[in-house]
Amino acid sequence: IGRGGLGLYLRQEVAGGQLILASLHLIAKGAAAEDLKVVARVRWARAVQDLWMAGCAFEQMSDARYALLLKHLHIIEAWQLGDRTTEVPSTKLRFTVRE
C-alpha cells in the first residue's frame, strides 16, 4: 500500500482497466483502527503460477479520506524506520473486482 495505490496478489484473474473496491483496515496512533473503502483501477496484471499479481492506482478520493490513508502510511513508515511507539498489527485488505 502506498500513497498512489496498492499491489496485490490475487486468486482470480484481473485485467488492466478493471476497478477494484478495497476495504483497508487502517491503524491510527492513539485511536481505534478504522476501515477505509477505496476504489482502485488495475494498471497492470500478470499471472504468476496459480496467482495473479496486479498493480492498482487509487481512483480520486476526498481529502479527508486521503488524510486517513496518509496517517496510516506515516505510522507504518515510522515503524519500519525503528519507531516502535505504536503497535503495528497486520493490515487487513478485502476487495471485490468490478467489471
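Select L24 to begin, a residue of strand β2, in what is a predicted model. L24 counts as buried because its relative accessibility is 0%, and buried here requires a value under 20%. Keep L24 displayed and add L69: the two residues are 45 apart along the chain, yet their C-alpha atoms are separated by 8.9 Å.

Next, widen the selection to the core around this pair. The largest nonpolar core has 18 residues, and those with the most contacts inside it are L24, V38, C56, F58 and L69. Colouring by secondary structure will help at this point, since the elements that give two or more residues to this core are β1, β2, β3 (31-48), β4 (51-58) and α1. As a general background to such a view, nonpolar side chains tend to be buried together in soluble globular proteins.

From the core, centre on F58 and ask which residues it is in contact with once neighbours within four places in sequence are left aside. The list includes L24, V38 and L69, and L24, V38 and L69 are also among the residues with the most contacts inside the core. The contacts of F58 further take in I1, G2, R3, G4, G5 and L6, together with V39 and A40.

Now select residues 63-80, which make up helix α1. The helix has 18 residues and reaches 25 Å from its first C-alpha to its last, close to the 26 Å expected at 1.5 Å a residue. Within α1, show the side chains of L69, H72, L73, I75, I76 and A78, which are its buried residues. When viewing them down the axis, recall that an α-helix has 3.6 residues a turn, so residues three or four places apart point the same way. Moving past the end of α1, select G82, which follows the helix and has a positive phi, near 110°.

Return to α1 for E77, which forms a salt bridge with R3, the closest N and O atoms being 2.8 Å apart. This pair links distant parts of the chain, with E77 in helix α1 and R3 in the segment before β1, 74 residues apart. E77 counts as partly exposed because its relative accessibility is 30%, and R3 is likewise partly exposed, with a relative accessible area of 45%.

How many salt bridges does the structure hold? There are two, and for the other one, select R41 and E59, whose closest N and O atoms are 3.4 Å apart. Here too the pair links distant parts of the chain, R41 lying in strand β3 and E59 in the loop between β4 and α1, 18 residues apart. R41 is partly exposed, with a relative accessible area of 25%, while E59 counts as partly exposed at 29% relative accessibility. In general, side chains of opposite charge can pair when their charged atoms come close.

For the last stop, select the loop between β1 (5-10) and β2 (19-28), where Q18 is found. Is Q18 buried or exposed? Q18 is buried, because its relative accessible area is 13%, against a cut-off of under 20%. Show the side chain of Q18 together with the backbone of A15, and a polar atom of that side chain will be found 2.5 Å from the backbone nitrogen of A15.

The loop between β1 and β2 also holds V14, which counts as buried at 3% relative accessibility. Finish by adding A47 to the view: V14 and A47 are 33 residues apart along the chain, with their C-alpha atoms separated by 9.3 Å.

Technical notes:
Residues are numbered from 1 along each chain as its sequence is written. This is a predicted model: local features need pLDDT of at least 70, side-chain atom pairs count only at pLDDT 80 or more; totals for chains, interfaces and linings use all residues. Side-chain values use heavy atoms; hydrogens and water are left out. Helices (H or I, at least four residues) and strands (E, at least two) are DSSP runs, numbered from the N terminus. Buried means under 20% relative accessible area, exposed over 50%, partly exposed in between (1.4 Å probe, protein chains only). A polar contact is a pair of N or O atoms within 3.5 Å; within protein, one must be able to donate a hydrogen and the other to accept it, and residues adjacent in sequence count only if both atoms are side-chain atoms. The expected span of a helix is 1.5 Å times one less than its number of residues. A nonpolar core is a set of buried Ala, Val, Leu, Ile, Met, Phe, Trp, Tyr and Cys residues joined through side-chain atoms within 4.5 Å. Contact means heavy atoms within 4.5 Å. A salt bridge is a side-chain nitrogen of Lys or Arg within 4 Å of a carboxyl oxygen of Asp or Glu.
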